[in-house]
Amino acid sequence: MNVAQSLKDATVAALIAAVLFVPIVGLVLDGQDLVTHLPRAVILVAVVFGGRLLISMGVQTQLGRPLRHAAAALEQVWSRVGDVAGGKLAWFIAGLLLVLVAIPFLPSTTNYLIQILSLTLIYVLLGMGLNIVVGLAGLLDLGFVAFYAVGAYGYALLAAHLGLSFWASIPVAGLLAATFGCMLGFPVLRMHGDYLAIVTLGFGEIIRILLVNMVDFTGGPNGISAPRPTLFGLSFGRRPEAGEVAFHDFFGLDYDSSYRYIFVYLIILMFTVLAVWVFKRLREMPIGREWEALREDEVACKALGINHTTTKLSAFTLGATFGGIGGVFFAAMEGFLNPSSFTFLESAIILSIVVLGGMGSIFGVILAAVGITLLPELFREFEQYRMLVFGLAMVFVMVWRPTGLIRPGRRAFGVEGNGHGQ
Amino acid sequence: MANDAILTVEDVSIRFGGLLALSGISFRMERGSITAVIGPNGAGKTTLFNCITGFYRPTQGHIVLQGEHRRRRLDALPIHAIARLGVARTYQNIRLFAQMSAIENLLVAQRGMVNRNLIAGIFQTRAFRRAEAEAERRAWEWLAFMGLEGVANREAGTLPYGQQRRLEVARAMAGQPTLICLDEPAAGLNAQETVELNGLIRRLRDEFGVSVLLIEHHMGVVMKISDHVVVLDHGEVISDGTPDTVQNDPEVIKAYLGTEEEVPIVGASPGGA
């Protein structure tokens with residue numbers, strides 16, 4: 001048994017724990033005074049030391065062997081999840097869709113749950129958009145929220161000034177965001193990595209600051225209301241405005257506020273599924289391969305006749321379109337917009353979804369979007385420790401799986417073009 | 001034969017600040033020939049390649065590609081435009097798309113031969129599927145030609161060095177070029193692999209009619225397979241002719257060996273990468 005190594009590991013773990021716990025738990029602000037509670041920190045550090053030592057020693061004994069095997073088996077099962085999710089389990093996807101469609105109609109479902117699910121789906125949609133830019137084309141974009149904002153405000157403003165309906169706004173706002181994506185694309189074509197990240201970060205902030213300051217146009221910090229979507233002209237309000245017919249009147253139902261949430265949820269579900277499908281196709285198309293090739297080696301791409309300018313621009317533009325459409329749904333769901341919904345934190349969350357999920361992967365990004373929106377809700381019990389747990393979970397994922405939850409497998413090609421053979 | 005030049009380099013010079021890296025380079029390359037550019041380290045061989053493929057813009061002079069129908073000046077075109085005219089290249093340091101599979105590397109290279117319509121691709125129309133299947137078939141042919149079918153679905157970056165070299169040549173050929181520029185294809189290969197590579201380069205020319213321009217340190221390779229050798233030293237052409245002529249040119253011997261008389265060029269050990 002390797003006692004020395006175990007002691008070393010435990011000491012390192014204890015040191016890290018000390019760095020974390022002494023300031024967080026050991027120092028407490030009491031009014032104006034700083035009170036030290038060192039014993040609490042020491043106890044926690046001791047627990048970490050003991051725990052780490054026990055685990056190290058434990059795995060090396062006869063008793064620990066099953067534990068080791070279990071860990072290895074778990075790792076193996078997990079590495080398969082990506083392959084399985086890659087397309088072999090069509091029925092699994094169909095089942096999942098069925099459940100997602102059925103959820104709002106279950107008696108125990110609350111409006112709150114439907115809203116959380118809608119938000120999760122919007123994040124999946126945004127994740128797919130950013131996945132094109134970051135995951136496939138390898139362009140680190142820290143200002144993705146700009147396109148989300150353009151889509152959301154586009155919808156609200158088009159409705160307010162031009163009276164455009166929700167359905168007409170989806171393509172128009174998508175195009176608007178695409179135009180912004182293209183506009184951002186031009187100046188950053190020559191940039192890579194860190195420089196690109198900083199410029200996109202700036203772009204995201206410019207859009208937000210414009211929204212705050214163009215008070216006459218956007219309502220500034222007070223925000224702007226976005227119209228509720230309608231179903232073939234049927235509104236979901238309790239008392240429809242003049243000239244409108246209410247959904248519940250038309251179908252002879254009693255008014256229920258949940259109809260509106262369910263309606264928006266189903267639309268978002270439909271478009272998110274569409275977005276995932278489009279992303280999957282894009283990845284397998286020549287343009288998708290070129291994005292990936294550009295990520296791998298720009299110089300070699302050019303020497304194969306690939307125009308890096310148009311290829312990069314197309315990634316930015318398509319990614320932005322996804323973001324813009326996500327924005328329309330966000331506006332339709334919330335009914336009210338203000339610039340504080342589009343801060344840098346939002347960009348960071350979308351980027352974390354892509355990175356945690358596994359760049360370029362579909363299933364991983366969906367999983368990460370679900371995790372990132374649902375976990376903070378589930379951890380509401382922990383109150384102030386909620387964000388700490390959330391952060392810890394992220395750290396653990398990155399330590400355990402540096403390439404993201406699921407590393408996208410490469411498509412397997414069979415001889416003589418039988419597609420997915422082999 | 002004398003009038004069918006695929007590539008004409010006329011008085012090309014390039015200056016980097018105070019350094020004249022190439023000075024008045026002129027030579028002609030026959031269509032369907034294997035032409036080697038040799039010279040000591042720092043002679044400007046790769047710089048010349050970079051001028052031909054558009055990575056550098058010559059300070060002075062012309063580079064003309066004679067296509068099937070018309071002549072095109074290459075010295076003012078961007079890299080991707082030159083590639084689309086049918087000039088492909090490989091690199092001294094391999095530049096594969098490391099995280100993509102071998103076959104995907106070959107699919108990317110077929111840019112001009114696939115269906116690039118966005119809508120057709122998203123809905124996978126019949127025409128699109130046919131074009132993709134064709135591209136895959138051609139990719140498999142190239143893998144077979146290079147003996148790489150077994151590793152088609154492996155990530156290019158995980159392949160052994162020799163296979164990566166061959167894959168890079170296959171990728172350059174997959175775009176159906178008329179001129180392929182190989183920058184030290186034998187660098188880092190062992191004796192056996194070098195012999196195989198010689199055979200492959202010959203077959204590229206004989207079976208696909210591509211003209212081959214290559215930079216090589218390995219004199220064994222150069223003397224065995226090339227029809228025409230251009231020798232550079234200090235950014236100038238010091239000799240130009242058949243392997244035999246060049247081999248016995250006193251200027252060449254001087255450049256390689258100082259003033260000694262011995263000619264140990266044939267079968268010399270591979271030069272540095």
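The questions and answers below concern a predicted model with chains A and B.

Residues are numbered from 1 along each chain as its sequence is written, and chains are lettered from A in the order in which they are written. In this predicted model, local features need pLDDT of at least 70 and side-chain atom pairs count only at pLDDT 80 or more, while totals for chains, interfaces and linings use all residues.

Q: What percentage of the residues in chain A is buried?
A: The secondary structure of chain A comes to 17 helices and 6 strands, where helices (H or I, at least four residues) and strands (E, at least two) are DSSP runs numbered from the N terminus. The C-alpha atoms of this chain fill a box of roughly 80 × 65 × 45 Å along the principal axes. A residue is buried if 20 or more other C-beta atoms lie within 10 Å of its own, exposed if 12 or fewer, and partly exposed in between, with C-beta atoms placed from the backbone. Of the 422 residues in chain A, the buried ones make up 39%.

Q: How many Å apart are the C-alpha centres of domain 1 and domain 2 of chain A?
A: The domain assignment of chain A, whose bounds come from an automatic or database assignment, gives domain 1 as residues 3-61 and domain 2 as residues 80-400. Between the C-alpha centres of domain 1 and domain 2 of chain A the distance is 40 Å.

Q: Which helix gives the largest share of the side of chain A that touches chain B?
A: Two residues are in contact if their C-beta atoms, placed from the backbone, lie within 7 Å, and 26 residues of chain A are in contact with 33 residues of chain B. On the side of chain A that touches chain B, α11 (258-284), α12 (286-296) and α13 (298-302) of chain A each supply at least two residues. The largest share, 7 residues, comes from α12(A).

Q: How many residues of α12(A) are buried?
A: Among the buried residues of this helix are A:Arg289, A:Trp291 and A:Glu296. What covers the buried residues of α12(A) includes α5, α11, α13 and α14 (308-334) of chain A together with α3 (102-109) and α4 (118-123) of chain B. The helix is mostly covered, and the number of buried residues is 11 of its 11.

Q: Which helix gives the most to the largest nonpolar core?
A: A nonpolar core is a set of buried Ala, Val, Leu, Ile, Met, Phe, Trp, Tyr and Cys residues joined through C-beta atoms within 7 Å. The largest has 182 residues, and A:Tyr155, B:Leu143 and B:Ile180 are among those that touch the most other members. With 15 residues, the helix that gives the most to this core is α5 (residues 111-136) of chain A.

Q: Why do B:Leu197, B:Ile201 and B:Leu204 lie on the same side of α7(B)?
A: Helix α7 (residues 191-208) of chain B has 18 residues and reaches 25 Å from its first C-alpha to its last, close to the 26 Å expected at 1.5 Å a residue, that span being 1.5 Å times one less than the number of residues. In this helix B:Leu197, B:Ile201 and B:Leu204 are buried, whereas on the other side B:Gln192, B:Arg203 and B:Glu207 are among the exposed residues. An α-helix has 3.6 residues a turn, so residues three or four places apart point the same way. The three buried residues lie on the same side of α7(B) because, by the directions from the helix axis to the C-beta atoms, they cover an arc of only 55°.

Q: Which residue just after α7(B) takes a positive phi?
A: What covers the buried residues of α7(B) includes β3 (34-38), α6 (161-174), β7 (179-183), β8 (211-215) and α8 (219-225) of chain B. Just after the helix, a positive phi of about 65° is taken by B:Gly209.

Q: Is B:Asp11 buried or exposed?
A: B:Asp11 is found in strand β1 (residues 5-16) of chain B, and has a positive phi of about 55° although it is not a glycine. With 12 other C-beta atoms within 10 Å, B:Asp11 is exposed.

Q: Where in chain B does B:His234 lie?
A: B:His234 has a positive phi of about 50° although it is not a glycine. With 15 C-beta neighbours inside 10 Å, B:His234 counts as partly exposed. Its place in chain B is the loop between β9 (228-233) and β10 (236-241).
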